[in-house]
Amino acid sequence: MASASRSFARALRTAAPSLRTPSTRTARFVAPTQAVRQQWRRGYASGNQESNEKYEGNPTGLIFGATALVVGAVGYATYTQKPEWFGQAAKAKGPFTPKYEDYQKVYDAVAKELAEKDEYDDGSYGPVLLRLAWHASGTYDKETNTGGSNGATMRFAPEGDHGANAGLKAARDFLEPIKQQFPWISYSDLWILSGVCAIQEMQGPKIPYRPGRADRDLSFCTPDGRLPDASKDQSHIRAIFGRMGFNDQEMVALSGAHALGRCHTDRSGYDGPWTFSPTTMTNDYYKLLLEEKWAWKKWNGPKQFEDVKTKSLMMLPTDLALIKDKSFRTHVERYANDNEVFFKEFSDAVLRLFELGVPFAQAEDQRWTFKSSFD
Ligand code: HEM
């Protein structure tokens, strides 16, 4: 039922702009038509006047009037046959400039696929889509202004093969049919839009969005080692996220994404989810960090923590660093105590992450907020 009403709402939303289109187009297209018709009528009328006035004794007026009539008629015929020769009509036939409504359609297509392909992992591609958007953005280096989501260079072997990106092919493959459906969107904009969609569809906060990323070739691939290594401590977290320009508070807010998804032994080598609801965005990651007892997992895999009580949840060494470090811990406590504060600060930090290094044409106060399936 819920999904049926969501689809209905989506259908209405997507129908609305196209229903509006004819009247908008009519207003724009009527004006030049009338102008030309008026010109034509003027030419005809003045020709008539001239012919009436000058007919007696002076044939020049008649010739002038007849010429005006012919020119007017030819002009009108040309306009109706070749409207693109007249400015306005040419504009309508020019290159397609996607608008908010078009990006909302892409959002809706991703959301629909997310809802339909629920056999994957814990029931959603949402977490891996978010990880793709984060890994595309998290290569940014503020000193050299290189890396970041502008370029989608993870499509190419050097970057796609970096150990940190293992498993993200699943997300890129998921998005390929959507790219085919909307060929005008760049991979770079699509990956980030899908990250936004994943967060919102997993009931997270709204993430305002701007398009403007262009795909670049493999010469823009970033060197290996720019993404965080989960086996390290707080100084590594500060080094990696500091390079992108983030402060302590933002680092902790961004880490709350680990409320979602899981580790896979065939990707990172680590194993298991961080929370009991890995496809719903909550502040549970912080609550569990503080409230559960965490012990080293006894296994042959990389060093990770498991919760003592159920042994079904996991934490990475970098996750535990957030409660060992005093400054980080104050933010973990703030977010554990207040989901609203977490959502607000997570949204702000993710928005910044997704925009790192992108030369936008669209102003900061012109960002768009997409409607989710829950609106
Ligand atoms: C110190 C920083 C971070 C480290 C060391 C880290 C490490 C990891 C690792 C090892 C995995 C498991 C990958 C796999 O085996 O499939 C993972 C998954 C994930 N990470 Fe992070 N991460 C960090 C920060 C972030 C940030 C900032 C975000 C987003 C804003 C994020 C979002 C995710 C998500 C959603 C998953 C789940 C993917 C899935 O279920 O397939 N992570 N991360």
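1. A quick word on naming before the ligand site: helices (H or I, at least four residues) and strands (E, at least two) are DSSP runs, numbered from the N terminus. With that in hand, α5 (126-137), α10 (248-255) and β1 (262-263) each put at least two residues into the shell around the ligand. Keep in mind throughout that this is a predicted model.

2. Which element gives the largest share of that shell? The answer is α5, with five residues. The shell has 24 residues in total, and the ones that come nearest to the ligand are P127, A257, G261, R267 and S268. Of these, P127 falls inside the 126-137 span of α5.

3. Chemically, the ligand shell breaks down into 14 nonpolar, seven polar and three charged residues. At the domain level, domain 2 (100-226 + 357-366) and domain 3 (234-348) each contribute at least three residues to the shell.

4. Now the helix pairs, starting with α4 (residues 100-116) and α7 (residues 169-181). Their axes lie 10 Å apart and the packing angle is about 145°. The crossing of α4 past α7 is right-handed. On the α4 side the contact uses V106, A109, V110 and E113, and these meet F174, I178 and Q181 of α7. By class, that makes five nonpolar residues, one polar and one charged.

5. The other pair to look at is α11 (residues 284-291) with α13 (residues 326-337). Here the axes come within 8 Å and cross at roughly 120°, and the handedness of the crossing is left-handed. From α11, the residues making the contact are Y286, K287, L289 and L290; from α13, they are V332, E333, Y335 and A336. How many polar residues does this contact have? It has no polar residues, with six nonpolar and two charged ones making up the contact of α11 with α13.

6. Last, the sheet. Strands of a sheet pair through backbone hydrogen bonds, either parallel or antiparallel. In this model three strands make an open sheet, ordered β3-β4-β5, and the pairing is antiparallel. The edges are β3 (294-296) and β5 (314-315), each pairing on one side only.

7. If you want to check the strand register on screen, look at β4 (residues 305-307) against β5. These two pair in the antiparallel sense over two bridges. One residue to pick out is E306, whose bridge partner in β5 is M314.

Methods. Residues numbered from 1 in each chain as written. Predicted model: local features only at pLDDT ≥ 70, side-chain atom pairs only at ≥ 80, totals over all residues. Near = placed C-beta within 6 Å. Nonpolar A, V, L, I, M, F, W, Y, C, P; charged D, E, K, R; others polar. Domains from an automatic or database assignment. Axes fitted to C-alpha atoms, helices over the stretch in contact; angles between N-to-C directions. Left-handed = near helix turned anticlockwise from the far one by under 90°. Contact = placed C-beta atoms within 7 Å. Pairing = 2+ DSSP bridges.
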